[in-house]
Amino acid sequence: MSDLKAKIEDQVKTNKIVIYMKGTQDFPQCGFSAQAVQVLKTTKAPIFSVDVLSDDPLWGALEEYTQWPTVPQIFINGEFIGGCDIVTELYERGELQKLVEKK
C-alpha cells in the first residue's frame, strides 16, 4: 500500500491537475467524472487522469491517502481539492482558474 501511496504522491506533485476518475478523459464512465473533466478543461491546463476502474488497489490506496470515499478526486498544484461538486462550485465562483494559475 505504501508503494501505491508513493505513486499517488508522485503523480499529484509532478502534474498541475490530476483527476482520479472512472474511465478516461475521452471516455468517462460516470456522469460526475464527465462533468469534472469538462469543468477542468475550461482552465486550458494539461490534465493528468487516472482510471481507478482499471486499478482497484490504487483506488483503495487513494481513498486512504485522501480520506475521501468517492471519485472523481481532483488535485491542483499538489493539493487535494475534492470532487465534482467542489470543482464545479470553484468554477462557478470564478475561483478555479485562479487556483490553477497559482504556482
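Let me start with one residue: Lys5 is partly exposed, with a relative accessible area of 26%. Keep that lysine in mind, because we will come back to its partner in a moment. Before that, a word of caution for everyone: what you see on the screen is a predicted model.

So, who does Lys5 pair with? Its side chain meets that of Glu64 in a salt bridge, at 2.7 Å from N to O. What I like about this pair is how it ties distant parts of the chain: Lys5 belongs to helix α1, residues 2–14, while Glu64 belongs to helix α3, residues 56–66, and the two positions lie 59 residues apart in numbering. Glu64 counts as partly exposed too, because its relative accessibility is 38%.

Staying on helix α1, please look at Lys7. Which residue does Lys7 bridge to? The partner is Asp55, and here the closest N and O atoms are 3.9 Å apart. With a cut-off of 4 Å, that distance still qualifies as a salt bridge. Once more the link is between distant parts of the chain: Asp55 sits in the loop between β2 (47–51) and α3, 48 residues from Lys7. As for exposure, Lys7 is partly exposed at 38% relative accessibility, and Asp55 is partly exposed as well, with 22%.

Now let me step back to the whole chain. The protein has five helices and four strands. Reading from the N terminus, the order is α-β-α-β-α-β-β-α-α. For a chain of 103 residues, a compact globule would have a radius of gyration near 13 Å, and the 13 Å of this model agrees with that. Along the principal axes, the C-alpha trace spans about 35 × 30 × 20 Å.

What about the contacts behind that fold? If you take contacts between residues at least 6 apart in sequence, 59% of them join residues at least 24 apart. In terms of burial, 41% of the 103 residues count as buried. The accessible surface comes to about 5,800 Å², and carbon and sulfur atoms account for 52% of that.

Back to charges, then. As a general reminder, side chains of opposite charge can pair when their charged atoms come close. How many positive and negative side chains does this chain have? There are 11 positive and 15 negative ones, and the centres of the two sets lie 8 Å apart. The salt-bridge count comes to four.

You have met two partners of helix α1 already, so let me show you another group. Arg93 and Glu95 join their side chains in a salt bridge of 3.1 Å, N to O. Glu89 comes in here as well: Glu89, Arg93 and Glu95 are linked in a network of salt bridges. Of these residues, I can tell you that Glu95 is partly exposed, with a relative accessible area of 32%.

One last stop, and this one is a threonine. Thr88 lies in helix α4, residues 84–92. Is Thr88 buried or exposed? At 11% relative accessibility, Thr88 counts as buried. And which residues does Thr88 touch, leaving aside those up to four places away in sequence? Thr88 touches Gln35 and Val39. For a sense of distance across the model, the C-alpha atoms of Thr88 and Gln11 are separated by 22 Å, with the two residues 77 apart along the chain.

That is my tour, so over to you. Thanks for listening, everyone!

Note on methods: Residues are numbered from 1 along each chain as its sequence is written. This is a predicted model: local features need pLDDT of at least 70, side-chain atom pairs count only at pLDDT 80 or more; totals for chains, interfaces and linings use all residues. Side-chain values use heavy atoms; hydrogens and water are left out. The radius of gyration is taken over C-alpha atoms; the globule rule is 2.2 Å times the number of residues to the power 0.38. Buried means under 20% relative accessible area, exposed over 50%, partly exposed in between (1.4 Å probe, protein chains only). Contact means heavy atoms within 4.5 Å. Accessible areas come from the Shrake-Rupley method with a 1.4 Å probe; for residues, only the protein chains shown count as cover. Lys and Arg count as positive and Asp and Glu as negative; His and the chain ends are not counted. The place of a charge is taken as NZ of Lys, CZ of Arg, CG of Asp or CD of Glu.
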